[in-house]
Amino acid sequence: MNTAISCDILLRLVVSDDFSLPIPAGLRYDTADPYAVRAVFHTGGEMVEWVFARDLLAQGLYRPAGIGDVRLWPSSRLGESNVCIALRSGEEEVLLEASVRPLELFVKRMDAAVPSGTEHRHVDLETELSHLLLGN
């Protein structure tokens, strides 16, 4: 049986050191895809989805993580613990900031559903192989 875990969170799009815009987002983790986290950002009338490794999120809460299009690192502003999330697509990059607490709770819920390091036990290899072979 698959389990889905979700979390609604309000991020801040960092425009400058003095100015940021609120960006509502939703995180989703599904045990059917145990290595991935899906993040949906609500920007005006559009929804933008990014998929990245669950380990990247878990590591980025406490130390810099990621070397590609998604990078995370802990930060602190005005005494508040935050996580910075840099997303890059082509030449464009945005910097988002989130409070660390809701992300920590989300990671704990992921770990309760699928303990870190046991993701391989939740992958249906026969189904995945048939998708690859059939091109689905």
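**Figure 1. Glu97 and its surroundings in strand 7.** In this predicted model, E97 sits in strand 7, which covers residues 92-99. Is E97 buried or exposed? With a relative accessible area of 6%, E97 counts as buried, because that value falls under the 20% cut-off. Leaving aside residues up to four places away in sequence, E97 touches L11, R12 and V14, along with S75 and R77, and also N82, V83 and C84. If you are looking at E97 in the structure, those are the neighbours to pick out around it.

**Figure 2. The largest pocket and the strands around it.** Strand 7 comes back into view here, since this strand gives the most to the lining of the largest pocket, with four residues. Strand 3, strand 4 and strand 6 (80-89) join strand 7 in each supplying at least two lining residues. The pocket has a volume of about 220 Å³. Which residues lie nearest its centre? Of the 13 residues in the lining, these are T43, V48, W50, L87 and V94. Sorted by class, the lining of this pocket holds eight nonpolar, two polar and three charged residues.

**Figure 3. The largest cavity and its lining.** Rolling a probe the size of a water molecule over the atoms shows where empty space is left. How many cavities of 30 Å³ or more does the structure hold? There is one, and about 80 Å³ of space lies in the largest cavity. Strand 1 (4-14), strand 2 (20-30) and strand 3 (36-43) are the elements that give two or more residues to its lining. The residues that line the cavity are I9, L11, A25, L27, A39, F41, F52, L57, I85 and L103. By class, this lining has ten nonpolar residues, with no polar and no charged ones. L11 is worth a second look, as this residue lines the cavity and also touches E97 from the first view.

**Figure 4. Two hairpins that share strand 3.** Strand 2 and strand 3 form a hairpin with five residues between them, and the two strands pair in the antiparallel sense over five bridges. Within this pairing, R28 stands opposite R38 in strand 3. On to the next hairpin: strand 3 and strand 4 (residues 46-53) also run antiparallel, joined by eight bridges. Which residue of strand 4 is the bridge partner of F41? The partner is V48, one of the residues nearest the centre of the largest pocket, while F41 is one of those lining the largest cavity. Two residues lie between strand 3 and strand 4 in their hairpin, where G44 takes a positive phi near 65 degrees.

**Figure 5. The whole chain, with its confidence.** Stepping back from the close-ups, the chain has three helices and seven strands, arranged along the sequence as β-β-β-β-α-β-β-β-α-α. Its C-alpha atoms fill a box of roughly 50 × 30 × 25 Å along the principal axes. Buried residues make up 33% of the 136 residues in the chain. Among contacts between residues at least 6 apart in sequence, 35% join residues at least 24 apart. The average pLDDT is 89, and 90% of the residues score at least 70. Which element has the lowest mean pLDDT? That is helix 3 (residues 125-134), at 66, whereas helix 1 (residues 54-60) has the highest, at 96. Where pLDDT is low, the predicted coordinates should not be read in detail.

Methods. Residues numbered from 1 in each chain as written. Predicted model: local features only at pLDDT ≥ 70, side-chain atom pairs only at ≥ 80, totals over all residues. Heavy atoms only, no water. Buried < 20%, exposed > 50% of the residue type's maximum accessible area, 1.4 Å probe, protein only. Contact = heavy atoms within 4.5 Å. pLDDT = per-residue confidence, 0-100. 1 Å grid on protein atoms, 1.4 Å probe; cavity = no way out; pocket = protein on both sides within 12 Å on 5 of 7 lines; lining within 4 Å. Points joined across faces, edges and corners; volume = space filled by probe spheres on them. Nonpolar A, V, L, I, M, F, W, Y, C, P; charged D, E, K, R; others polar. Pairing = 2+ DSSP bridges.
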